[in-house]
Amino acid sequence: MTLTAADFDFVRTLVRQHAAIVIDPGKEYLVESRLAPLAREHGYGSLSALLAELRERPAANLHRRVVEAMTTNETSFFRDPPSFEALRDVVLPELIARRGAERRLRIWCGAASSGQEPYSVAILLREHFPILAGWQVQILATDIARDVLDRARRGRYSQLEVNRGLPAPLLLKYFTKVGIEWEIAEPIRRMVGFGELNLVEPWPALPEFDLVLLRNVLIYFDVPTKQRVLANVRRVLRRDGTLLLGGAETTLGLDEAFERVPLGRSLGYRLRSR
């Protein structure tokens, strides 16, 4: 399914408008590999036919499927171990000490994909912080893509997926083999609530969070979009809360309201004191 220059530009514009994702010139192969299965699924003989249909008769659902197909859903359990060490050794102990009177903890995973990150956070809490028994602990996991959110809610993963980052003792403790898949334990699944949220569109009303994980998503945005997203994060992050970004991401030069803080072998971001 060869992609014409006009079709490539159409997809680039569509994805940028709806998800603020920048597809660089020369990435035709990426568009073809992501959209060819979608074209076949909907019965089109070529990508050009699918995209011609979108041009002539815009369909909200098909537009959404194209945009979702072009989003990157790369994830794994306990991705970037130093970040989870920072949560275990620094961030969560400090938050728990400060929230002792409230006995409530709110965590948001803002690019949750198929759920490995929020479930990893839930397992970390269950494994290392028995003091949270009896607390109100809420983990909100959001993503732009409905298909991966549906997978996340089911909490079932292939052998390859659980092999990526999940230690064998935790696999045996928190998962059950169901056919050829592994299903996460119901108590862990109940700790996480999933919802659809497009970071570059107006945000719905959200509570304030003690911890925000927004990892490996800002890298796909241009500078104005990064600044807009970080400004929104500021409004939902508690004054003494912590923001975790991906290893290749930073707030420096984008939003001076944040300051970078060392967290063991990792880094985090907190709001500067007024």
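1. A convenient place to enter this predicted model is Arg103, which, once residues up to four places away in sequence are set aside, touches Ala133, Gly134, Trp135 and Gln136. Arg103 is found in the loop between helix 5 and strand 1, the strand that covers 104–109, and with a relative accessible area of 38% this arginine is partly exposed. For one of these partners, Ala133, the separation along the chain is 30 residues, while the C-alpha atoms of Arg103 and Ala133 are separated by 9.6 Å.

2. For orientation, the protein chain has 11 helices and 10 strands. Its radius of gyration is 20 Å, close to the 19 Å that the globule rule gives for 274 residues, so the chain is as compact as a globular protein of that length. Taken along the principal axes, the box filled by the C-alpha atoms is roughly 60 × 50 × 30 Å.

3. How much of the chain is buried, and how far along the sequence do its contacts reach? Of the 274 residues, 48% count as buried, and among contacts with a separation of 6 or more, 74% are made by residues 24 or more positions apart. The accessible surface comes to about 12,900 Å², and carbon and sulfur atoms hold 51% of that area.

4. On charge, the protein chain carries 39 positive and 34 negative side chains, with the centres of the two sets lying 4 Å apart. The count of salt bridges comes to 24, and the next points take up several of the pairs individually.

5. The side chains of Arg65 and Asp147 meet in a salt bridge with a distance of 3.6 Å from N to O. Because Arg65 lies in helix 4 (residues 60–69) and Asp147 in helix 7 (residues 146–154), this pair ties together parts that are 82 residues apart in sequence. The two partners can also be described by their accessibility: Arg65 counts as buried at 16%, whereas Asp147 is partly exposed, with a relative accessible area of 39%.

6. Arg65 also appears among the contacts of His42, which, leaving aside neighbours within four places in sequence, is in contact with Leu62 and Arg65. His42 is placed in the loop between helix 2 and helix 3, the latter spanning 47–56, and is partly exposed, with a relative accessible area of 33%. From C-alpha to C-alpha, His42 and Leu62 are 9.2 Å apart in space, with their positions 20 residues apart in sequence.

7. Which residue does Arg265 pair with in a salt bridge? The partner is Glu85, and the closest N and O atoms of the two are 2.8 Å apart. Arg265 lies in the loop between strand 9 (258–263) and strand 10 (266–271), and Glu85 lies in helix 5 (residues 81–98), so the pair ties together parts that are 180 residues apart in sequence. Arg265 counts as exposed at 62% relative accessibility, while Glu85, at 25%, counts as partly exposed.

8. A further salt bridge joins the side chains of Arg238 and Asp210, at 3.4 Å from N to O. Since Arg238 belongs to strand 8 (residues 237–245) and Asp210 to strand 7 (residues 209–214), the pair ties together parts that are 28 residues apart in sequence. Asp210 counts as buried, at 2% relative accessibility. Through salt bridges that share partners, Arg238 and Asp210 belong to one network with Arg98, Arg99, Glu102 and Asp240.

9. Two residues deserve a look for their backbone angles. Ala20 has a positive phi of about 60° although it is not a glycine; the residue sits in the loop between helix 1 (5–19) and helix 2 (28–41) and is buried, with a relative accessible area of 6%. Ser113, likewise not a glycine, has a positive phi near 50°. Ser113 lies in the loop between strand 1 and helix 6, which covers 116–128, and is buried, with a relative accessible area of 3%.

Terms used: Residues numbered from 1 in each chain as written. Predicted model: local features only at pLDDT ≥ 70, side-chain atom pairs only at ≥ 80, totals over all residues. Heavy atoms only, no water. Helix = DSSP H or I, 4+ residues; strand = E, 2+ residues; numbered from the N terminus. Rg over C-alpha atoms; globule rule 2.2 N^0.38 Å. Buried < 20%, exposed > 50% of the residue type's maximum accessible area, 1.4 Å probe, protein only. Contact = heavy atoms within 4.5 Å. Areas by Shrake-Rupley, 256 points an atom, 1.4 Å probe, with all protein chains shown as cover. Lys, Arg positive; Asp, Glu negative; His and termini not counted. Charge placed at Lys NZ, Arg CZ, Asp CG, Glu CD. Salt bridge = Lys/Arg side-chain N within 4 Å of Asp/Glu carboxyl O.
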